[in-house]
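Hello,

Please find the structure we talked about below. My notes on it follow.

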Amino acid sequence: MGVGTALAETWVRRWERQQERYAVDREERFTVIADVVESVTQGQAEPLVVDLGSGPGSLAHRIAARLPRARILAVDVDPLLLELGRTHAPDAARYVEVLIGEDGWLAELDLELDGPVDAVVSTTALHYPEPARLREIYRELAAVLRPGGVLVNGDHLAPADPVLARLTAAVGRAREQRQGTGGGEDWARWWAEVRRVPEFAELLAARELRPAPASGEGNGLSVREHEQLLREGGFREVGTVWRCGDSCVLVAVR
């Protein structure tokens, strides 16, 4: 049973709304990531952008709208989310099902078909791998990026200092309250409702067979620890270009 366009659009909209609960200034964070990619790819006729942990393509769709000539790979392990993105916006990206960091994962992207990568982007996906594996992921990504290319990571990455970490979290909570984005459908409710949709049954069954990222709070690395792993992975310049509370955009230059 296929997923129709109207059904996909409905569930992508619901995904967008529930995700607003979990990211301070989510839309601004997306915009900043697109700003960085646009700046780095100026003069490139058809820049190549890889979106890691793309889900249904929230970030990929926005970058495609900003850079309509960009070639975008949307990478995720979840067949349901990928199918929602593929049906909702088929022309925005090439959708690839693979678990970030598993053996041979980069080969699954067929990057040799597209040429050197100009930018790797990600939101809330790189806080799952264990530190040693994350270092290898960063090293693998540095190897496929062109010189001057960037990795742009939008995530909740707290400062290393515990006092500053508490303060940034407090700022984020206050911002969320002022914006009124903390209510509505949450992650658990979204998935519970998805399981009630007959058209999704085959995709949900396939989802159960796929390896999944570690659950829970993730690796708990601070922004400083991510920066150190990026440098060890081969990136020459690393730093935060935007922050609101503990939500930030971290950029690493190859």
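**Two loop residues with positive phi**

Asp-110 is partly exposed, because its relative accessibility is 29%, between the 20% and 50% limits. Please keep in mind that this is a predicted model. Asp-110 sits in the loop between β3 (94–97) and β4 (117–123). Its phi is near 55 degrees, a positive value in a residue other than glycine.

Thr-124 is the other residue to look at here. Its phi is near 50 degrees, again positive and again in a residue other than glycine. Thr-124 belongs to the loop between β4 and α5 (131–144). With a relative accessibility of 26%, Thr-124 counts as partly exposed.

**Salt bridges**

How many salt bridges does a search of the whole structure find? The total is 17. Three of them are described here.

Start with Glu-16 and Arg-26. Their closest N and O atoms are 2.6 Å apart. Glu-16 lies in helix α1 (residues 5–19) and Arg-26 in helix α2 (residues 26–40), so this salt bridge ties together parts that are ten residues apart in sequence. Glu-16 is buried, at 16% relative accessible area. Arg-26 is buried as well, at 9% relative accessibility.

Next come Arg-62 and Glu-27. Their side chains form a salt bridge with an N to O distance of 2.8 Å. Arg-62 is in helix α3 (residues 58–66) and Glu-27 is in helix α2, so the pair ties together parts that are 35 residues apart in sequence. Arg-62 counts as partly exposed, at 23% relative accessibility. Glu-27 is partly exposed too, at 44%.

Then look at Asp-78 and Arg-207. Their side chains meet in a salt bridge of 2.3 Å, N to O. This pair links distant parts of the chain, 129 residues apart. Asp-78 is in the loop between β2 (71–76) and α4 (79–88), while Arg-207 is in helix α8 (residues 201–209). Is Asp-78 buried or exposed? Asp-78 counts as buried, at 6% relative accessibility. Arg-207 is partly exposed, with a relative accessible area of 22%.

Which residues are joined into one network? Glu-16, Arg-26, Glu-27 and Arg-62 are, through salt bridges that share partners.

**A buried aspartate without a salt bridge**

Now turn to Asp-246. This residue is found in the loop between β6 (237–244) and β7 (247–253). Asp-246 is buried, yet it has no salt bridge. The nearest side chain of opposite charge is Arg-243, 6.0 Å away. That distance is beyond the 4 Å cut-off, so the two do not count as a salt bridge. What is Asp-246 in contact with, leaving aside its neighbours within four places in sequence? The residues are Asp-155, His-156, Leu-157, Ala-158 and Thr-168.

**A helix pair**

Two packed helices are described by the angle between their axes and the distance between the axes. The axes of α4 and helix α7 (residues 187–194) come within 13 Å and cross at roughly 80 degrees. The two helices are therefore roughly perpendicular to each other. On the α4 side, Leu-80, Leu-81 and Leu-84 make the contact. On the α7 side, Trp-190, Trp-191 and Val-194 do so. By class, this contact has six nonpolar residues, no polar ones and no charged ones.

Best wishes

Conventions
Residues are numbered from 1 along each chain as its sequence is written. This is a predicted model: local features need pLDDT of at least 70, side-chain atom pairs count only at pLDDT 80 or more; totals for chains, interfaces and linings use all residues. Side-chain values use heavy atoms; hydrogens and water are left out. Helices (H or I, at least four residues) and strands (E, at least two) are DSSP runs, numbered from the N terminus. Buried means under 20% relative accessible area, exposed over 50%, partly exposed in between (1.4 Å probe, protein chains only). Axes are lines fitted to C-alpha atoms, for helices over the stretch in contact, and angles run from 0 to 180 degrees between N-to-C directions. Angles under 35 degrees count as roughly parallel, over 145 as roughly antiparallel, 65 to 115 as roughly perpendicular and the rest as oblique. Contact means heavy atoms within 4.5 Å. Ala, Val, Leu, Ile, Met, Phe, Trp, Tyr, Cys and Pro count as nonpolar, Asp, Glu, Lys and Arg as charged, and the others, Gly among them, as polar. Lys and Arg count as positive and Asp and Glu as negative; His and the chain ends are not counted.
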